Amino acid sequence: MTDETQQDQCIICGTFINDLPPEDFTKIKQGYICNDCLADGWFIKCEQCGDYEFENDVSFIEEEDLFLCKSCYQKRGKDVQRPKES
Ligand SMILES: [Zn+2]
Ligand SMILES: [Zn+2]
């Protein structure tokens, strides 16, 4: 007996991914996300590794105008000297 309830869903809005054309959703580490939710800015793409992360887990590097996920940011933080706060 096959279980037909096991459909992939957008992890934000619950839309069934199987009903959407491939260009209307994106696969991310956590699952799938539809374009509508992606446009809402829930997830942001890390420019370094290309993974989508929840917006709270992404840091914006102002000087370089790019987004980095936590792990990429931490990796980079070890190399880059932080400007001293005055
Ligand atoms: Zn969605
Ligand atoms: Zn990254």
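A nonpolar core, as the term is used here, is a set of buried Ala, Val, Leu, Ile, Met, Phe, Trp, Tyr and Cys residues joined through C-beta atoms within 7 Å. Keep that in mind as we look around this predicted model.

Let's start with the overall layout. The chain has 86 residues, and 16% of them count as buried. Its secondary structure comes to two helices and six strands. Reading from the N terminus, the order is β-β-α-β-β-β-β-α. As for contacts between residues at least 6 apart in sequence, 12% of them link residues at least 24 apart.

Now for the core. The largest one has twelve residues: Cys10, Phe25, Ile33, Cys34, Phe43, Ile44, Cys46, Tyr52, Val58, Leu68, Cys69 and Cys72. Strands E2, E3 and E6 are the elements that each supply two or more of these residues. Where does this core lie with respect to domain 1 (1-40) and domain 2 (41-80)? It sits between them, because both domains give residues to it. In soluble globular proteins, nonpolar side chains tend to be buried together.

Next come two hairpins, set out side by side here.

| Hairpin | Strands (residues) | Bridges | Direction |
|---|---|---|---|
| E1 and E2 | E1 (25-28), E2 (31-34) | four | antiparallel |
| E5 and E6 | E5 (58-61), E6 (66-69) | four | antiparallel |

In the hairpin of E1 and E2, two residues make the connection. Phe25 in this pair stands opposite Cys34 of E2, and both Phe25 and Cys34 belong to the core. Setting aside neighbours within four places in sequence, Phe25 is in contact with Cys10, Ile17, Leu20, Tyr32, Ile33, Cys34 and Asn35. Among those partners, Cys10, Ile33 and Cys34 are core residues too.

The E5 and E6 hairpin has four residues between its strands, and Asp65 in the turn has a positive phi of about 55°. Across the pair, Ser59 has Leu68 in E6 as its bridge partner, and Leu68 is another member of the core.

One last stop is Trp42, in the loop between helix H1 (35-39) and strand E3 (43-45). Is Trp42 buried or partly exposed? Trp42 is partly exposed, because it has 17 C-beta neighbours inside 10 Å, whereas a buried residue needs 20 or more. Beyond its neighbours within four places in sequence, Trp42 is in contact with Ile12, Cys37, Phe54 and Glu55. Glu53 is eleven residues away from Trp42 along the chain, and their C-alpha atoms are separated by 8.4 Å.

Key: Residues numbered from 1 in each chain as written. Chains lettered and ligands numbered in written order. Predicted model: local features only at pLDDT ≥ 70, side-chain atom pairs only at ≥ 80, totals over all residues. Pairing = 2+ DSSP bridges. Contact = placed C-beta atoms within 7 Å. Domains from an automatic or database assignment.
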